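Q: Please take a close look at one pocket in this structure and describe what surrounds it. I would like a connected account that also follows the neighbouring parts of the fold.

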Amino acid sequence: SIGSFLRVYAAAAALSSSSVMILQRLAVGLSVKSLLRRLRFHWRAVLAAYGLVEILAFLRFQTLCRKLATFRTPLGCGFPRREWGRFFAARLRLDAQRRPKDTRAFVERIFYNNCAGTLTCSDVELWLRMFMSTFEDADRPPRWSAPQPLFRAGLQGHASSSPAGAAMSEEEECGAEAVELRRALEAHLGISFRDGPASNDFIRINSPVTNHTPTSPIFYPLPLRAFIGAARGCTNMFFRGLGFELTRDDPSGITYWHRGGGDEGMLFIHGLGFGQVLYANVVFHLVRHYRGRIILMECPGISGFEPRGGRETPFPRADEMAASIARIKEILHLRVLHAAGHSLGGMLICSAWKYRANLFGRVAFVESPVFFFRSTDGWPSIFTGLNRENLVERLRRGGLREVLSSLLLAEPWHQHVIHQADGNDANEAKAADAAEEAEEAEEAESDDANESEEAEKAEVAEGHDANADEALWFFEYVHWEVGPDENTLVVLGDCDALSLPETAQWLKEEYPRVRVATHSGHGSICFPPHSKWLAEVLANFFDAERS
């Protein structure tokens with residue numbers, strides 16, 4: 001009957017389905033066991049390959065650190081030292097007269113927070129001579145270049161006249177100016193420096209040996225390197241999707257992204273971190289709001305792009321940077337080029353400005369400590385805590401953002417730029433290089449051609465300093481206040497760690513025509529929601545001249 005048939009069919013179906021399930025489970029069990037047996041061998045091979053890759057990467061990391069420790073990017077060729085000395089003296093006099101309390105605190109910080117009343121006249125004069133003439137070693141004579149027509153309005157009325165006398169040497173002129181400036185400090189600050197010999201114990205610009213404790217770069221493991229490489233690759237694809245094209249300037253090693261047309265454009269220079277990767281959201285909104293050509297600058301090394309090779313310093317000098325920007329301006333047929341820089345980017349704008357005063361139209365400094373006496377002790381001592389020991393402590397305190405920032409800034413290229421290298425490693429590397437060069441010179445004594453080549457190498461190596469491997473100079477990146485006006489925009493953060501909170505008020509008093517914009521926070525300017533606000537502020541500022 002139909003009922004019997006259905007019961008038999010249901011029993012058969014149940015039996016078949018249960019048997020199929022049993023067979024599937026057996027098959028899965030067998031496949032998993034066999035897979036595990038195979039993976040035991042493969043995991044050993046994978047671990048061995050991973051260890052080999054990490055060893056090779058670590059050796060390359062050590063080689064890079066040793067190489068960077070032997071390089072020191074010098075001041076740009078033709079740096080106007082006299083103009084810098086006049087600016088420094090004028091600004092120090094003006095601040096001592098108008099803000100004696102702040103000036104006294106600044107002087108005491110220069111001498112490692114020693115009371116100003118305990119300082120000797122020789123100490124103060126030695127510090128002033130070093131600052132005005134830009135020579136790092138107090139025992140070396142000053143190196144002043146011929147006067148340049150860069151120092152114009154603003155502070156010129158406060159600069160002292162040259163001491164009387166016809167033919168004074170540069171060293172004598174610098175010494176006389178230092179004595180006069182020391183007396184002005186005593187008069188305005190209401191203190192009297194005591195007599196006594198110089199102790200040489202003051203902060204020297206770009207000297208990691210005397211300024212702060214050295215930090216060691218951190219080696220990135222493969223997962224972190226892969227993540228950074230993927231972020232760099234995705235950002236490149238994103239920029240190409242926005243219509244950007246890539247151009248590399250080989251003499252300087254700088255890479256440029258550019259899009260749009262017309263004879264007017266803006267150059268955006270990134271800060272420390274990882275090139276333009278962190279500014280992708282800012283770039284996205286700039287494309288939507290700015291009507292001219294957009295150029296993005298990627299600095300060699302710290303952006304993930306390869307530095308220049310050869311015998312030149314890996315990071316370009318300020319005059320080379322200025323020449324590179326001038327070349328890209330000419331290649332793109334730009335009549336007017338505006339510039340905006342965040343943090344380090346603003347400092348690079350100031351550095352390039354010293355050599356090509358007519359390079360930019362309007363400029364915008366975004367959270368950039370470029371104004372002398374208006375920045376904290378943060379640069380570069382704010383980065384002294386970036387070492388392996390403090391990473392664990394910061395992570396334990398829950399400072400994930402600080403840990404991520406430390407990881408980025410402890411990368412070798414960033415350490416090179418902010419001059420945080422260990423002088424001992426540099427000395428060892430320099431000694432090893434000298435021994436190798438001496439051995440090569442002995443082998444080439446019989447060959448005149450080889451002798452000339454070795455002499456050329458020795459001349460190039462002589463320009464490297466074993467005690468420092470920095471790529472930035474305080475004298476270059478400080479704004480010399482050459483008539484800041486409505487063509488200057490300053491963007492400040494309420495919680496800025498590098499610029500003093502009263503910078504906005506100081507600009508309002510000293511340079512009321514400068515445009516100032518503020519936002520809450522610091523460092524988050526490249527992330528939403530501040531990134532859209534920044535893009536709109538920059539676009540309105542640069543488009544104002546067009547309209």
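A: Helix H1 gives the most to the lining of the second largest pocket, namely six residues. This comes from a predicted model, and H1 covers residues 2-69. H7 and helix H14 (412-417) also take part, for each of the three helices supplies at least two residues of that lining. In total, 24 residues line the second largest pocket. Those that lie nearest its centre are Arg60, Leu64, Arg225, Glu411 and Trp413. By kind, the lining divides into 13 nonpolar, six polar and five charged residues. The space in this pocket comes to about 830 Å³.

One of the contributing helices leads on to the sheet. Helix H7, residues 222-241, lies across strands E1, E2 and E4. Its direction makes an angle of about 35° with E2. The sheet itself is open and has eight strands, in the order E1-E2-E4-E3-E5-E6-E7-E8, with mixed pairing. Strand E1 (245-249) and strand E8 (515-519) stand at the edges, and each has a single partner strand, so one side of each is left without a neighbour in the sheet. On average, neighbouring strands of this sheet are turned by 20° against each other, with direction ignored.

Two of the strands that H7 lies across, E2 and E4, are also paired. E2 spans residues 254-259 and E4 spans residues 293-298; the two run antiparallel and are joined by five bridges. Within this pair, Arg259 stands opposite Ile294 in E4.

The model also holds enclosed spaces. There are two cavities of 30 Å³ or more, and the second largest cavity has a volume of about 40 Å³. Its lining includes Ser368, Pro369, Val370, Phe371 and Arg374, and also Val490 and Leu492. The lining of this cavity divides into five nonpolar residues, four polar and one charged.

A word on confidence is needed. The chain averages a pLDDT of 75, and 68% of the residues score at least 70. Over residues 208-213 the pLDDT is below 50, and this stretch has 19 contacts in the model beyond near neighbours in sequence. Residues 420-435 likewise stay under 50 in pLDDT, and the model has 27 contacts for them beyond four places in sequence.

Note on methods:
Residues are numbered from 1 along each chain as its sequence is written. This is a predicted model: local features need pLDDT of at least 70, side-chain atom pairs count only at pLDDT 80 or more; totals for chains, interfaces and linings use all residues. Side-chain values use heavy atoms; hydrogens and water are left out. Two strands pair if DSSP finds at least two bridges between them. Helices (H or I, at least four residues) and strands (E, at least two) are DSSP runs, numbered from the N terminus. Axes are lines fitted to C-alpha atoms, for helices over the stretch in contact, and angles run from 0 to 180 degrees between N-to-C directions. Contact means heavy atoms within 4.5 Å. pLDDT is the predictor's confidence in each residue, from 0 to 100. On a 1 Å grid over the protein atoms alone, a cavity is a set of points where a 1.4 Å probe fits but cannot get out, and a pocket is an open set with protein on both sides within 12 Å along at least five of seven lines; lining residues have an atom within 4 Å of a point. Grid points are joined across faces, edges and corners, and a volume is the space filled by probe spheres set on the points. Ala, Val, Leu, Ile, Met, Phe, Trp, Tyr, Cys and Pro count as nonpolar, Asp, Glu, Lys and Arg as charged, and the others, Gly among them, as polar.
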